[in-house]
Amino acid sequence: MTSATGAAGRGPSPWVSPAAWRAGLRDRPLIPLILLLVGLVVALQVVQPGIINQGWLSSTIRFAVPLAILAAAQTLTMLTGGIDLSVAIVASATAYVLATVAPQQGPVVGVVAALAVAASAGLVNGIGVGVFRVHPLIMTLGMSLVVLGLLTVYQRIVVASGNNVPDEVAWLGGGTSLGFFPNSLLLFVPLAALVLLGLRRSGFGRLLYAVGDNEVAARLSGVRIWQVLVVLYVISGMLAGVAGIVYAGLTNTASAGLVDRFLLPSVAAAVIGGTSIFGGRGGYSGSIVGALILTVLTTLLTVLQMPEPVRQILFGAIILAVAAAYTRITEQT
Amino acid sequence: MSVSAPAAAQSRGGDSVATLGRALRRDSWTVALLLLLGGLLILTKVISPRYGASDLGFLAIGALPVALAAVGQAIAVISGGIDLSIGAVMALISVTAASLMRGSSEEFAVVVVIGVLLMGVVVGAVNGVLIVASRVPDIIVTLAMSFVWAGAALLVMGTPGGAAADWLKNLISGSIGSEWIPKALVVLAVVVGVVWLPLRRSRLGLSIYAVGSDRLAAFRSGVEVSRTKVAAYALTGLFAGAGGLALTMSTGIGTPIPGPYLLLSVAAIVLGGVSLAGGRGGIVGPIVAVFILALVRTDLTFLGVDPNYTTVIQGAIMVIVVMVGAFLTLRRKQA
């Protein structure tokens with residue numbers, strides 16, 4: 001209240017008043033995030049002069065892409081007020097199925113089979129959340145136990161045939177063209193454009209926001225919520241699968257715990273990207289910057305040669321600080 | 001929906017049969033869980049006729065840390081939050097206790113026990129203060145703090161090690177009175193009885209339920225919402241600390257890597273009838289659920305099921321139980 005009148009009192013130069021600043025930042029939440037990203041990159045350059053070069057940029061992007069795809073799954077589910085904690089294990093399972101099927105059946109069959117696994121995990125999640133109204137946290141947590149168990153059994157069955165990440169996938173996930181251009185961008189740019197446009201322009205995108213903002217209102221205006229949720233979780237599972245395939249290509253390995261370490265960062269990327277965990281607010285562009293921030297932050301902590309425990313503590317503290325700052329800037333009252 | 005809130009627990013005298021009926025209805029979920037546990041015990045005896053008192057003792061020792069974690073998680077969730085850092089806090093307390101007890105006297109261990117439990121309270125209160133002060137959702141704060149506490153645990157002790165005082169180890173192994181009453185079960189009952197039972201009926205206990213079921217309504221009726229949240233998380237920290245201490249007591253060492261206790265505690269409270277929306281549920285249900293989950297694992301092992309399927313079955317049980325619970329709630333609303 002007081003800050004609003006203060007802004008009015010200042011008259012013609014609204015940019016000096018804190019309230020106007022806050023309003024400006026609230027309308028363009030990407031700006032502070034990008035500033036933070038730039039700040040981190042500058043800090044990295046200060047700590048280790050000369051580290052910022054083509055090779056660094058290329059490897060940062062290659063590592064950020066799978067995280068950003070996982071964050072897409074997380075962003076979409078969080079927009080409806082849900083969360084998908086099964087993304088990491090679904091991604092690992094997809095990568096593992098691909099690496100075991102592809103050597104015999106060829107990479108195309110491998111990718112199709114792997115994505116089918118991801119989609120069916122998503123379908124079960126969607127039916128649980130949408131039709132049986134199980135809390136998304138429980139449903140996806142339970143589902144990750146189920147997938148983990150099935151994957152371990154499957155691992156035992158195919159242990160003899162061995163696993164191998166196909167060259168095509170390795171090229172896509174970890175390869176570069178012209179010496180620096182990360183090939184994974186060929187996949188990620190169209191995918192990100194699809195998610196961004198889908199959220200902004202398509203009816204389905206609007207439905208996600210509507211369901212997350214006010215489920216009762218959405219239902220009363222004729223939205224079949226269960227259908228939205230089933231489709232949403234299938235998409236989330238598929239995105240997780242794609243992320244798993246890209247990451248398998250990047251690391252050239254496939255195992256049951258491959259993507260585990262990305263679960264919490266995927267949630268963190270969406271949160272510091274400004275998507276509300278209560279639904280209805282946020283978007284994917286912030287999550288992409290969030291994924292980049294987390295990747296650069298990891299590099300910075302590594303370059304500072306912090307011992308692993310300190311790195312973890314700083315990682316958690318910084319995520320919390322960014323989320324808290326973000327909450328203050330964008331608070332709507 | 002039956003609410004086991006303390007207010008409802010005060011029966012107004014009258015017909016004792018009606019009171020019993022009301023109690024059964026109110027705690028129908030817990031009663032059903034107890035029946036299920038009984039059934040599972042009988043089933044275990046049928047599958048493996050040699051299942052005896054000592055096996056029960058091992059079951060209780062194994063379940064003790066999980067049960068304490070589940071109680072902690074239940075308090076956080078009843079207050080309308082969730083604690084994703086519970087596994088990391090347990091690891092931190094476990095290694096702190098183990099490293100302090102290494103090479104020290106049996107008497108000093110008393111100081112260590114009091115010290116690490118206080119540390120649990122402080123760690124939980126830090127979580128609570130950060131949630132209240134930052135206004136960031138509980139799930140995000142505790143997620144971020146799980147990194148911090150896990151890192152702190154690694155700082156205390158990089159690799160598994162340390163020691164536990166003998167009297168602490170003896171406190172939970174073996175049985176007391178009859179050979180069918182494992183000491184670990186008694187310890188669990190005493191800890192929960194001393195801390196939670198008096199609290200549940202107190203002003204703070206009521207406030208925790210009130211804040212969890214409707215924050216705004218609680219605020220308008222004069223409940224100190226922020227203080228209640230911090231107190232609830234401090235209690236969660238206390239039980240997480242007790243769980244961590246129990247880990248050190250049962251294994252004799254401290255392990256800095258968080259175990260599967262976050263998953264298990266969430267599974268247990270969901271199965272135990274605590275609503276994730278907050279304000280509903282009790283402590284007994286989650287504890288019974290921990291034993292049910294442990295017994296299911298035992299039975300599957302006896303049946304010779306591939307241990308990897310056990311994970312599948314546990315996940316499926318968790319999901320199916322919640323589905324059934326949601327279905328029953330829906331039907332009751334329609335009726």
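**Notes on a predicted two-chain model**

1. Let's start inside chain A. In α13(A), the buried residues are Leu263(A), Leu264(A), Pro265(A), Ser266(A), Val267(A), Ala268(A), Ala269(A), Ala270(A), Val271(A) and Ile272(A). That is 10 of the 10 residues of the helix, which runs over residues 263-272, so α13(A) is largely enclosed by the rest of the structure. Keep in mind as you read on that this is a predicted model.

2. Now look at the two ends of that helix. Just after α13(A) comes Gly274(A), with a positive phi of about 95 degrees. On the other side, Phe262(A) sits in the loop between α12 and α13 of chain A. Is Phe262(A) buried or exposed? Phe262(A) has 25 other C-beta atoms within 10 Å, and 20 or more is the cut-off for a buried residue, so Phe262(A) counts as buried.

3. What does Phe262(A) touch, if you leave aside its neighbours within four places in sequence? The contacts are Pro66(A), Leu67(A), Leu70(A) and Ala88(A). Try picking out Val87(A) as well: its C-alpha is 9.0 Å from that of Phe262(A), although 175 residues separate the two in sequence.

4. Next, a helix pair. Two packed helices are described by the angle between their axes and the distance between the axes. Here the pair is α4 (residues 54-79) and α12 (residues 225-251) of chain A, with axes that come within 9 Å and cross at roughly 170 degrees. How should we describe that angle? Angles over 145 degrees count as roughly antiparallel, and α4(A) and α12(A) are therefore roughly antiparallel to each other.

5. Who makes the contact in this pair? From α4(A), the residues include Arg62(A), Val65(A), Pro66(A), Ile69(A) and Leu70(A). From α12(A), they include Leu232(A), Ile235(A), Leu239(A), Val246(A) and Tyr247(A). Sorted by class, the contact has 16 nonpolar, 2 polar and 1 charged residues. You have met Pro66(A) and Leu70(A) already, as contacts of Phe262(A).

6. Stepping back to chain A as a whole, you should find 15 helices and 2 strands. Its radius of gyration is 21 Å, close to the 20 Å that the globule rule gives for 333 residues, so chain A is as compact as a globular protein of that length. Its C-alpha atoms fill a box of roughly 75 × 60 × 35 Å along the principal axes. Buried residues make up 48% of the 333 residues. Take the contacts between residues at least 6 apart in sequence, and 74% of them join residues at least 24 apart.

7. Chain B gets the same treatment. It has 15 helices and 0 strands. A compact globule of 335 residues would have a radius of gyration near 20 Å, and the 20 Å of chain B agrees with that. The C-alpha trace of chain B spans about 60 × 55 × 40 Å along its principal axes, and 50% of the 335 residues are buried. For contacts in chain B between residues at least 6 apart in sequence, 80% join residues at least 24 apart.

8. How do the chains meet? In total, 36 residues of chain B are in contact with 35 residues of chain A. On the chain B side, the elements giving two or more residues are α6 (108-134), α7 (138-156), α13 (261-271) and α15 (307-334). Which of them gives the largest share? That is α7(B), with 14 residues. This side of chain B divides into 27 nonpolar, 7 polar and 2 charged residues.

9. The largest nonpolar core has 220 residues, and the ones that touch the most other members are Ile69(A), Leu98(A), Leu64(B), Leu92(B) and Val290(B). Helix α4 of chain B (residues 53-78) supplies the largest share of this core, 17 residues. Zoom in on Val290(B): not counting residues up to four places away in sequence, it touches Ala63(B), Val66(B), Ala67(B), Ala70(B) and Ala268(B).

10. Finally, two backbone details worth checking. Most residues other than glycine have a negative phi. Gln305(A), however, has a positive phi near 55 degrees, in the loop between α14 (284-303) and α15 (308-330) of chain A. With 10 C-beta neighbours inside 10 Å, Gln305(A) counts as exposed. In chain B, Arg135(B) has a positive phi near 60 degrees and lies in the loop between α6 and α7. Arg135(B) is exposed too, with 12 other C-beta atoms within 10 Å.

Note on methods: Residues are numbered from 1 along each chain as its sequence is written. Chains are lettered from A and ligands numbered from 1 in the order in which they are written. This is a predicted model: local features need pLDDT of at least 70, side-chain atom pairs count only at pLDDT 80 or more; totals for chains, interfaces and linings use all residues. Two residues are in contact if their C-beta atoms, placed from the backbone, lie within 7 Å. Helices (H or I, at least four residues) and strands (E, at least two) are DSSP runs, numbered from the N terminus. Ala, Val, Leu, Ile, Met, Phe, Trp, Tyr, Cys and Pro count as nonpolar, Asp, Glu, Lys and Arg as charged, and the others, Gly among them, as polar. The radius of gyration is taken over C-alpha atoms; the globule rule is 2.2 Å times the number of residues to the power 0.38. Axes are lines fitted to C-alpha atoms, for helices over the stretch in contact, and angles run from 0 to 180 degrees between N-to-C directions. Angles under 35 degrees count as roughly parallel, over 145 as roughly antiparallel, 65 to 115 as roughly perpendicular and the rest as oblique. A nonpolar core is a set of buried Ala, Val, Leu, Ile, Met, Phe, Trp, Tyr and Cys residues joined through C-beta atoms within 7 Å.
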